Amino acid sequence: MRGRKWVITLLLLGAGLVGAWAMADGQKQSMDDNMDDLPELETLETHASMQAPKETLPNELTVVPVVSPGEYHVPPAIEDIPESKYGDMIRFGRNIFINTQKYAKRYVGNGLNCADCHLQEGRKPYAAPLWAAYPMYPMYREKNHQVVSFQERLQDCFKYSLNGIAPTLDSDEIKALTVYAQWLSTNIPNGTIVAGRGFTRIDKSRDPSPFNGKVIYKQYCAMCHGEDLLGKKYMDRPGYMFPPLAGPDSYNKGAGMHKIKTCAAFVKANMPLGRPFTLTNDQALEVCVHIWQQDRPWNPKKSMFMNLFMPVTEG
Ligand code: HEC
Ligand code: HEC
C-alpha cells in the first residue's frame, strides 16, 4: 500500500438522530464533492499503467478518477496490482467488469457491461461500488429469501441486469470478479457498512407522473441515451458508447434497475452523467416511471402473463 491512510466512515444503520444527521450530511458532502470534482473530471490523472496499456487490460476504455481520501474508502490503484497469480485474477476480474461483452461474452444476453451501472470500474461511491458490497456478504436477501454469498449475488446481476446466464460458482469468471471486488475492498473489515454503499436515498413528496417523466427524459437524458431510449453504439467498434435504457439490449424485468425506486436512487446519484444530484427525488422517480414503461426483455423467472401485466407500482 502507499503511505496514505484514510478514514472509513462507519454509518451505523438505525442509530436514530445521529445516524440520520450523519446520512444527510454525508449526502450533502457527496453532492458538494461531486460538484467540486466536475472541472477535475476533464483533466483526470491518468495512471502510468494507462498510458502504456498492457495487452490484457482494456485500459483505453476508462479513466479512473482519484477520490479524495478521508471521505470514502479509497480502493488500491491499478498500478498496485501485484505481478503474481493474485494480480492476474484481479486483472481478469477487472476486464470482465469493464468489458463484460468481451470477457464474459457467453454469459451475457444484452448490450451492457457491469461498469455501465457500477460506474468507474465499480469504484464510484453511490453507484453500488464493489468495495462497499464485498464486506457485506454473506447477507440475507429478500429477493432470494435466503442468505446469499457474494458469488451468488454476482450470479443475479448476470441473470437479470445482463439478461444472461449465471456462470457457475466454480467458473473462472465468478472467481475473478470476486477477487477483483475483494481487492478493491482492501482494508475494509468484513461486515462494515461503509459510506457510499449502494445508491442514494429516495423519498417522494407526490405520486410520480409519467408525463413529467417523458419531459425530463427529453431534457436531461435523450442527448446521450437517445430519443428512443435505445442508447447509442460506437461508430468504429462494437458496443455501446451510451448504454440502452430499454429494448432488447437492456436489462430485463427481473433486474434491480427495473424497480422504479432503485432506478431513481441510481439516477439521482449518477445521472445525467457528470452532473449527479441535479434531479430532485420526484424528478428521478418520474424519469424512472418513463423508463419503466418501455419494452425490455422479460423476467426469466415469471410467466408470460406476469410479464405482460405486472402492476405499475412495482418497486
Ligand atoms: C443494469 C444495471 C446493472 C448491471 C449491468 C449490473 N448491475 Fe450489479 N447491481 C445493479 C443494481 C441496481 C444493484 C442493486 C440492486 C438492489 O437494490 O438489490 C446491483 C447490485 C450488485 C451487487 C451488490 C451490491 C451491494 O452493495 O450489495 C454486486 C456485487 C453487483 N451488482 C455486481 C455486478 C456485476 C459483477 C455485474 C456484471 C456481471 C453487474 N453487477 C451488472 C445494477 C446492475
Ligand atoms: C452525458 C451523457 C449521459 C447523459 C446526459 C445521461 N446518461 Fe445515463 N449513462 C451514460 C453513460 C456513458 C452510462 C454508462 C456508465 C458509464 O460509462 O460511466 C450511463 C448509464 C445509465 C444507466 C445504467 C445503464 C443502463 O443502460 O441501464 C441508466 C439507468 C441511465 N444512465 C439513466 C440515465 C437517465 C435517466 C438520464 C437522464 C436523467 C441519463 N442517464 C443521462 C451517459 C449519460
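# Worked exercises on a predicted model

P272 sits in the loop that joins α11 and α12. Keep in mind throughout that this is a predicted model. The exercises begin with that loop and move outwards.

## Exercise 1: The loop between α11 and α12

Task: Find out which peptide bond at P272 is cis, and whether F277 is buried or exposed.

Solution.
- Step 1. Look at the bond leading into P272: the peptide bond from M271 to P272 is cis, with omega near -5°.
- Step 2. Stay in the loop between α11 and α12, where F277 is found as well. Phi of F277 is near 60°, which is a positive value in a residue other than glycine.
- Step 3. Count the neighbours of F277. There are 20 other C-beta atoms within 10 Å, so F277 is buried. The cut-off for buried is 20 or more.

## Exercise 2: The two helices beside the loop

Task: Work out how many residues of α11 and of α12 are buried, and what packs against them.

Solution.
- Step 1. Take α11 (260-270). Nine of its 11 residues are buried, so α11 is largely enclosed by the rest of the structure. Among them are I260, C263 and F266, along with K268 and N270.
- Step 2. Ask what those buried residues meet: they pack against α5 (119-122) and α12.
- Step 3. Now take α12 (281-292). Here 10 of the 12 residues are buried, so α12 too is largely enclosed by the rest of the structure. The buried ones include Q283, E286, H290 and W292.
- Step 4. Look for the cover: α9 (210-220) and α11 are among what covers the buried residues of α12.
- Step 5. Check the length of α12. At 1.5 Å a residue, its 12 residues should span 16 Å, and its end C-alpha atoms are 16 Å apart, so the two agree.

## Exercise 3: The largest nonpolar core

Task: Say how many residues the largest nonpolar core has, and which of them have the most contacts inside it.

Solution.
- Step 1. The core has 69 residues, and Y180, A264, V267 and C288 have the most contacts inside it.
- Step 2. Trace this core back to helices: α3 (85-98), α6, α7, α8 (172-184), α11 and α12 each supply at least two of its residues. The largest share, eight residues, comes from α8.
- Step 3. Compare the domains: domain 1 (16-184) and domain 2 (210-308) each give this core at least three residues.
- Step 4. Zoom in on Y180. Leaving out residues up to four places away in sequence, Y180 touches I90, G93, R94, F97 and L130.

## Exercise 4: The surroundings of ligand 1

Task: Decide where ligand 1's shell lies relative to the two domains, and which helix gives the most to it.

Solution.
- Step 1. There are 27 residues around ligand 1, and C114, C117, A133, C157 and G256 come nearest.
- Step 2. Sort by helix: α6 (130-133), α7 (150-161) and α11 each supply at least two residues, while α7 gives the most, with five.
- Step 3. Sort by class: the shell has 18 nonpolar, six polar and three charged residues.
- Step 4. Domain 1 (16-184) and domain 2 (210-308) both give residues to the shell around ligand 1, so it lies between them.

## Exercise 5: The surroundings of ligand 2

Task: Identify which residues come nearest to ligand 2, and how the shell around it divides by class.

Solution.
- Step 1. Of the 23 residues around ligand 2, the nearest are C221, C224, P243, M271 and P272. That brings us back to the cis bond from M271 to P272.
- Step 2. By class, this shell has 20 nonpolar, two polar and one charged residues.
- Step 3. α10 (222-225) and α11 each supply at least two residues of the shell around ligand 2, and α10 gives the most, with three.
- Step 4. At least three residues of this shell come from each of domain 1 (16-184) and domain 2 (210-308).

## Exercise 6: A look at Q101

Task: Say which helix holds Q101 and what Q101 is in contact with.

Solution.
- Step 1. Q101 lies in α4 (residues 100-103).
- Step 2. Q101 has 17 C-beta neighbours inside 10 Å, so Q101 counts as partly exposed.
- Step 3. Setting aside neighbours within four places in sequence, Q101 is in contact with V108, N113 and G239.

Technical notes. Residues numbered from 1 in each chain as written. Chains lettered and ligands numbered in written order. Predicted model: local features only at pLDDT ≥ 70, side-chain atom pairs only at ≥ 80, totals over all residues. Near = placed C-beta within 6 Å. Helix = DSSP H or I, 4+ residues; strand = E, 2+ residues; numbered from the N terminus. Nonpolar A, V, L, I, M, F, W, Y, C, P; charged D, E, K, R; others polar. Domains from an automatic or database assignment. Contact = placed C-beta atoms within 7 Å. Core = buried A, V, L, I, M, F, W, Y, C linked by C-beta atoms within 7 Å. Expected span 1.5 Å × (residues − 1).
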